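Hi,

Here is the structure I promised to send over. Please have a look at it first, and then read on for what turned up.

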Amino acid sequence: MQYYSLNNNAHKVTFSEAVIKGLAPDRGLYFPESITPLPKSFFENIETLDNVEIAYQAIQQFVGNEIPETELRDILADVLSFDFPVIEIEDNIATLELFHGPTMAFKDVGARFMARCLGYFNKNNENQVTVLVATSGDTGGAVANGFLGVKGVDVVILYPSGKVSNIQEKQLTTLGQNITALEVDGVFDDCQDMVKTAFLDTSITEHRQLTSANSINVARWIPQLFYFLFAYKQVKSKGKDIVFSVPSGNFGNICAGIVAHKLGLPVKQFIASTNINDTVVRYLKTSKYEPKPSKATISNAMDVGNPSNFIRIQNLFNNNFENLKDLFSAYSFDDYQTKQAMKTVFNNTGYITDPHGAIGYLGLKEQILDTNDYGIFLETAHPVKFLDVVEETIETTMDIPSQIQKVINKEKKSIKINSYKTLKEFLLK
Ligand SMILES: *Cc1c(COP(=O)(O)O)cnc(C)c1O
């Protein structure tokens, strides 16, 4: 399998090059040259397959022969060592819980898969890399945890000071070893811009091989398609049409869902549920893509004004606006609506959503579901990661799971930076 840059179809690289480079030299995102549907029998028999088998069959074509079968299966078994349950909370409305991993965020799967791929590509110390990543919240923790101790990989995480939750901050600033956290005086988009600039700065890249662990990296982005297959396996026997509502920020997760659809997964509709950072919602109304600076919300992992993966989604629909609108819809909700949804769900069902999941729930409610539709919203983070806002909103207290307990009392270590220049100095040191 080869990957091309979305800025230049002629520039093609292998999977390992795409993973190691992150972004193409022309700043384009890498995109698979082809997507071959899985055989019908795969979907007919999916309930008889275990998660590692499902994942192997789904991702094999994207990895090609660069990681041998045994190693790839070992990587997947290691990455997928926790559950992905679908929990029904109302008639025909369920949540797909993606937060049972080590940092309790859905990003654990992508981060762990990418880390193990890079570890494999660097097994003979040939490909020493620095992972440079910007986070609006959960990426940092998942990446830090996934890459901790991976040989040949240094990790540098940029996060917006004061704009991630206390637990998120602890998860990315307390690990040490090969992980460094840079605390940026600015918003997420500033962090992301600095990262993108560094990739193009030859005075840095001549010294260090930089790569990205944001969902622009194919090894972070593509494995997310597993979630949609795992959900299908659990609800297939209901015999209903499936609608997924995906809380979206950089649109990597929902884009991976659409790849799963291209592989043959029967899905009736994808709903991108966003907070007030509504660039895609406006796009669907006007057909004009007009990014805006991001605004801070209580669903901070989605505070993205210019979602990097949207260009991949457009590509999956051959840049045809009408085709996109047939399968894909988008809605935006503010913090007040988010809190109301958290309260309603809790009071009616006893289920605790986090602010991101609550927005996913609202997206499902906005789209009028047919009686024969089964709506699944993705719970992308455990509510405890947003402890203050969740406890205050639903007026209850939550137990702290052991994964979080472990980091909460550790000492934060970060380096403050306030400009691209200070980032560069750090990377050249
Ligand atoms: C990253 C994140 C999202 C957004 O995912 P994208 O793939 O960037 O759209 C949603 N919820 C949580 C909790 C996240 O951490």
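Before the ligand, a definition: on a 1 Å grid over the protein atoms alone, a cavity is a set of points where a 1.4 Å probe fits but cannot get out, whereas a pocket is an open set with protein on both sides within 12 Å along at least five of seven lines; lining residues have an atom within 4 Å of a point. A molecule sits in one of these if more than half of its atoms lie within 2 Å of its grid points.

This is a predicted model, in which local features need pLDDT of at least 70 and side-chain atom pairs count only at pLDDT 80 or more, while totals for chains, interfaces and linings use all residues. Residues are numbered from 1 along each chain as its sequence is written, and side-chain values use heavy atoms, with hydrogens and water left out.

Now the ligand. The largest cavity is where the ligand sits. That cavity holds about 250 Å³ of space (a volume is the space filled by probe spheres set on the points, which are joined across faces, edges and corners). Its lining has 25 residues, with Phe106, Lys107, Gly249, Asn250 and Ala301 nearest the centre. Helix 12 (252–262) is among the elements that supply at least two lining residues each, and gives the most, with three (helices, H or I of at least four residues, are DSSP runs numbered from the N terminus).

There are 15 residues around the ligand (a heavy atom within 4 Å), and Lys107, Gly249, Asn250, Phe251 and Thr380 come nearest. Which atoms does the ligand meet in polar contacts, meaning pairs of N or O atoms within 3.5 Å? The side chain of Lys107 places an N or O atom 2.5 Å from a ligand oxygen. Backbone N or O atoms do likewise at 2.8 Å for Asn250 and at 2.9 Å for Asn253. The protein covers 97% of the 380 Å² of accessible area that the ligand has on its own (Shrake-Rupley method, 1.4 Å probe).

Elsewhere, the largest pocket contains about 260 Å³ of space. It is lined by 14 residues, and Leu29, Lys196, Asn306, Ser308 and Ile311 are closest to its centre. Helix 14 (residues 310–316) gives the most to this lining, with three residues.

Lys196 and Ser308 also help to line the second largest cavity, which has a volume of about 60 Å³. Helix 8 (residues 188–200) gives the most there, with four residues.

Best wishes

Technical notes: Polar contact = N/O pair within 3.5 Å; in protein donor to acceptor, adjacent residues only side chain to side chain.
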